[in-house]
Amino acid sequence: MTADDETGPPPPGARLRVAVVGAGPAGIYTAEALTRQQEVPVAVDLVDRLPTPFGLVRHGIAPDHPKMRAIRDTLHRALDHPAVRFVGNVEIGRDISCRDLHAAVDAVVYTYGAALDRRLGVPGEELPGSLAATELVAWYTGHPDADRAGVEAALARARSVVVVGVGNVALDVARVLARTPEELEPTDMPQHVLDALAAAPVEAVTVLGRRGPAQATFTTQELRELAELAGADVLVDPADLELDAAAEERAAADRVVSRNLAVLREWAGHRPRPGRTALTLRFFTRPVRLLGEDRVTGVEVERTAVDADGRASGTGETAVLPADLVVRSVGYRGGELPELPLDPHRGTVPNDLGRVLRGGQPAPGEYVAGWIKRGPTGVVGTNKHDARETVTTLLADVTAGVVRPRGSADASPDDDLVDALRARGADPVLLEDWRAIDAAETALGATRGRARTTLHEWDTLLAAVKAAAARTR
């Protein structure tokens, strides 16, 4: 082989084999970008730890948002592409290492997101009755790893709930907890979730923001939905809406902030009505300690002041809020995969335009996209641009000869990733297997007049696959 063979565009007939780790929006958009380009033929394996695709669209978007969750219908079109294969129920580090995965394909794109929660860092945070939003969301969306017993024990005594954070996830949690059983009944939540929420004695939900309403990160659409709750009153202290010059300037320059303030002002001065859940949005307040001995009984909070740069600092003025349940929703961070570098402060994989950096240098054939690349920012659609950037980088490396396609349309089965996984004892779930799960969820939902009911246990999910396989024999 000459030096010229190692540079320049791939030879005719070459097929670029790419493994995308994570079948959420970032991974699916990456597969879509790879199949839409015309520079080189591709074969894409979408590898996911779960036996189901769609990531946070399935296990992050609140079930009472059916229109937003319907984006999976759009994402499914990418899974149907003949050059894309869904390979679920495969865990990196358990079923195959990063090193062996990279050896089996020409390039790997890691898109496994940022599923770990950030901590408050206050005393009492470890008490029973203190949960991360990730735990509660996993439970009510039917994630198979959800801590059902822990969440339901916390909910069973939760008359007063404090949600820390003012992003969309915090509002999702507050809204779901304030919903009536009748409002939640049509959703695809597992039945045990609906039963536990219907039995929960929630009377008050308080959402805390350490900064002011001008710095809140929720969207206006999410905010407006709170006023549509059938059994709750939204309360805002008018004093929290008195803006200083810096906040006024921010509101004038940002239409989302301006719209949010307009909505909040509509609620200023509302009074709670008997028999309805009081949902209070409280700004300029931060938790400094969770109170209780055997479980959470309250939250000590401190009034804050926000400077011209948007930084919050304590004023020394404290108060105690009653709380049987505290849910922190103060951000996400990425977790480690064995053999993959991770910036411990940012919670992201070090990268340059999607190229994984090892020791500050690009690692040939390794890439990232989505939250594990840029951090937990943006909405679902943000991942599309992000994936395109990474794919552009990958294709540039193919053109430069940094990544060499080794596959072809008539590649030997010995080169097949699924066959290699099965030889290792793994049990990959493929697209037809996912369709069996999908059909089982639809059938279960129909028994209660719903479009779908989410299957939430590993055994149940895999049993649906085996049952479908048995019927086709």
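How are helix 1 and helix 4 oriented to each other? Helix 1 and helix 4 are oblique to each other. Keep in mind as you click through that this is a predicted model.

**Stop 1: helix 1 and helix 4**

Select residues 25–36 for helix 1 and residues 71–79 for helix 4. Their axes come within 9 Å and cross at roughly 40°. That angle lies between the under-35-degree limit for roughly parallel and the 65 degrees where roughly perpendicular begins, so the pair counts as oblique. The crossing is left-handed. Now show side chains. From helix 1, Pro25, Ile28, Tyr29 and Glu32 make the contact. From helix 4, the partners are Ile71, Leu75, Ala78 and Leu79. By class, this contact has seven nonpolar residues, one charged residue and no polar ones.

**Stop 2: asparagine 89**

Move to the loop between strand 3 (84–87) and helix 5 (98–104), and pick asparagine 89. Check its backbone: phi is positive, about 60°, although the residue is not a glycine. Most residues other than glycine have a negative phi. Is asparagine 89 buried or exposed? Its relative accessible area is 10%, under the 20% cut-off, so asparagine 89 is buried.

**Stop 3: helix 6 and helix 8**

Select residues 133–140 for helix 6 and 168–178 for helix 8. The two axes come within 11 Å and cross at roughly 55°. That makes helix 6 oblique to helix 8. The crossing of these two helices is left-handed. Show the side chains at the contact. Helix 6 brings Ala133, Leu136, Val137 and Tyr140. Helix 8 meets them with Val169, Asp172, Val173, Val176 and Leu177. By class, the contact of helix 6 with helix 8 has eight nonpolar residues, no polar ones and one charged.

**Stop 4: glycine 150**

Stay in this region of the sequence and pick glycine 150, in helix 7. Glycine 150 is partly exposed, with a relative accessible area of 26%. Draw a distance from its C-alpha to that of glutamate 135. The viewer should give 9.1 Å, for two residues 15 apart in sequence.

**Stop 5: helix 10**

Select residues 191–199, which form helix 10. Color Gln191, His192, Val193, Leu194, Ala196 and Leu197: these are buried. What do the buried residues of helix 10 pack against? Bring up helix 6 (133–140), helix 7 (148–155), helix 8 (168–178) and helix 9 (181–184): the buried residues pack against these four elements. Helix 6 and helix 8 are the crossing pair from Stop 3.

**Stop 6: threonine 220**

Go to helix 11, residues 220–225, and pick threonine 220. With a relative accessible area of 9%, threonine 220 is buried. Which side chain makes a polar contact with the side chain of threonine 220? Select asparagine 260: the two side chains make a polar contact at 2.7 Å. Beyond its neighbours within four places in sequence, threonine 220 is in contact with Val256, Arg259, Asn260 and Val263.

**Stop 7: phenylalanine 284**

Next, pick phenylalanine 284, in the loop between strand 10 (277–282) and strand 11 (285–291). This residue has a positive phi of about 55°, and it is not a glycine. Why does phenylalanine 284 count as buried? Its relative accessibility is 13%, and buried means under 20%, so phenylalanine 284 qualifies.

**Stop 8: glycine 375**

Find the loop between helix 14 (371–374) and helix 15 (382–399), and pick glycine 375. Glycine 375 is buried, with a relative accessible area of 5%. Leaving aside neighbours within four places in sequence, glycine 375 is in contact with Thr348 and Gly370. Now add arginine 346. Glycine 375 and arginine 346 are 29 residues apart in sequence, and their C-alpha atoms are 7.2 Å apart in space.

**Stop 9: alanine 440**

Finish in helix 17, residues 431–446, at alanine 440. Is alanine 440 buried or partly exposed? Alanine 440 is partly exposed, with a relative accessible area of 26%. Set aside the neighbours within four places in sequence, and alanine 440 is in contact with Leu455 and Ala464. Draw one last distance, to alanine 464. The C-alpha atoms of alanine 440 and alanine 464 are separated by 6.5 Å, with their positions 24 residues apart along the chain.

Technical notes
Residues numbered from 1 in each chain as written. Predicted model: local features only at pLDDT ≥ 70, side-chain atom pairs only at ≥ 80, totals over all residues. Heavy atoms only, no water. Buried < 20%, exposed > 50% of the residue type's maximum accessible area, 1.4 Å probe, protein only. Contact = heavy atoms within 4.5 Å. Axes fitted to C-alpha atoms, helices over the stretch in contact; angles between N-to-C directions. Parallel < 35°, antiparallel > 145°, perpendicular 65-115°, else oblique. Left-handed = near helix turned anticlockwise from the far one by under 90°. Nonpolar A, V, L, I, M, F, W, Y, C, P; charged D, E, K, R; others polar. Polar contact = N/O pair within 3.5 Å; in protein donor to acceptor, adjacent residues only side chain to side chain.
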